[in-house]
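User: Please take a close look at the strands and at how they pair. Explain each term where it comes up, and say what sort of model this is.

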Amino acid sequence: MTETTKTSGVSRRTLLKGTAGLAGLAAGSGAITGFPYVMSAEPKVLRYLGTAVNEGDDISKQCLKDTGIKIEYITATTDDVTKRVMTQPNSFDVLDTEYFSLKKLVPSGNILALDAKKIKEFDNITPVFTKGETPGGKKIGGQGTAPWKVLYLEGKDSKKFATSATEFVTLIPTVYNADTLGIRPDLIKRPISSWSELLNPEFKGKASILNIPSIGIMDAAMVVEATGKYKYADKGNMTKEEIDLTMKVMTEAKKAGQFRAFWKDFNESVNLMASGETVIQSMWSPAVTKVRSMGIACTFQPLKEGYRSWASGFCVSKGVSGPKLDWAYEFVNWFLSGYAGAYLNRQGYYSAVLSTAKANMEPYEWAYWMEGKPAEKDIKAPDGSLLEKAGAVRDGGSYEDRMGAVACWNAVMDENDYMVRKWNEFIAA
């Protein structure tokens, strides 16, 4: 995707994660922000670098209204965000990135840890990030770059991750989710319960996996392990031999004609499923919702081996100081105050601070998206189009059920360069 700069956002992983529209604000939900804006003599502008995970027109407009801070989005692919941080640290102010990228970014010294004491809601951040468990106490799988492994630094200017909590936070948590396979139940016409089904010859030429190495390799590992071919010590930190084994299994399937395509963005995944070109594939939650909003059956299928998870958060460039650093803290605090969290929850994602998001959602919305209860009312998009009819239940059920079944996280491995090379060879084979 070509990098773009704009003052109004793109929807979730852009048209990579699409449908900010789909899941935006339902009618009747008001923002509870507590951030009255008083006109400042100096324009407050923050350059926001990210992959569109937390971006959206509604979010930037509400932020401007509540705080007077104008957000200028700089949107790029995951790899290009990392490259920009490494090579142009003064070209952005606020960074929105995934936790797995921290193993590359922190050693560079180009990002600034934020002070937990200055984050109003920090103590209310879900224990998914701080303890590796759900609010209900379910332990979450920690294979890969789990956020709690890389949440803290040893000191303000440290380049080392702390093994216990400190006040210096690498990324202030914002959003996360549990991903699985999307399927077309109307075309498959039987139950699907395992990641191994992605390689089932029954779906030859009708399967797809996403072509983003650090994510695709985790889906591939879930598939390999589900077939019983191999049991990894840590899917998120494979040895060279394990990478070779994984890619051998996937390459053999590719040469046998198993895969219809290897998608890179939201629109591709939607088009493949909506057209019926694929019936089972790696997918993101809003893409499933988009297909369903077109009147086409599509399920974000819970699987017995569990989910692959991911998480994002905010930090700032090392070059940010003075009033601009104050604005960055103000923006992060606003983001966690409820409006943005509710917006993201309505997209099928999860907010890092559940209490403020809940306060900005209607009870029937919270019950549907977070508690796994049947929708008491129709679930609608901001434009009034129907997402789900009353009585529908979210795929995978409640927040506790879905996050409690996470098996692994997106990762940067010790052998990352080798993995990426082998992945690209698999795609080119």
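Analyst: Two strands are said to pair if DSSP finds at least two bridges between them. Strands (E, at least two residues) and helices (H or I, at least four) are DSSP runs, numbered from the N terminus. The model is predicted, so local features need pLDDT of at least 70 and side-chain atom pairs count only at pLDDT 80 or more, while totals for chains, interfaces and linings use all residues. Residues are numbered from 1 along each chain as its sequence is written, and side-chain values use heavy atoms, with hydrogens and water left out.

A parallel pair makes a plain starting point. Strand 4 covers residues 44–50 and runs parallel to strand 5, with seven bridges between the two. Within this pair, the residue opposite Tyr48 is Tyr73 of strand 5. Strand 5 itself covers residues 69–75, and five of its seven residues are buried (under 20% relative accessible area, with exposed meaning over 50%, partly exposed in between, for a 1.4 Å probe and protein chains only). Strand 5 is therefore largely enclosed by the rest of the structure.

Next comes a sheet that can be followed strand by strand. This open sheet has five strands, and its pairing is mixed. Read across, the strands come in the order 13-12-14-11-15. Strand 13 (259–263) and strand 15 (299–301) stand at the edges. Each of these two has a single partner strand, so one side of strand 13 and one side of strand 15 are left without a neighbour in the sheet. From one strand to the next, the twist averages 25 degrees (axes are lines fitted to C-alpha atoms, for helices over the stretch in contact, and angles run from 0 to 180 degrees between N-to-C directions).

At the strand 13 edge, what joins strand 12 to strand 13? Strand 12 (residues 207–210) and strand 13 run parallel, and four bridges join them. One residue of the pairing can be named: Ser208 has Ala261, in strand 13, as its bridge partner. A helix also belongs to this picture. Helix 7, residues 213–227, lies across strand 12 and strand 14 (280–282). Relative to strand 12, helix 7 runs at about 135 degrees.

Ahead of strand 12 there is a loop, which links that strand to helix 6 (185–188), and Lys189 has its place there. Lys189 is not a glycine, yet its phi is positive, at about 60 degrees. Lys189 counts as exposed because its relative accessible area is 70%.

Two buried residues can be set beside this exposed one. Asp115 belongs to strand 8, which covers residues 114–115. With a relative accessibility of 14%, Asp115 counts as buried. Apart from residues up to four places away in sequence, Asp115 touches Glu167 and Tyr329 (contact means heavy atoms within 4.5 Å).

The other buried residue is in a helix. Thr356 is part of helix 13, which covers residues 354–359. Its relative accessibility is 10%, so Thr356 counts as buried. When neighbours within four places in sequence are left aside, Thr356 is in contact with Glu121, Leu336, Ser337 and Gly338.
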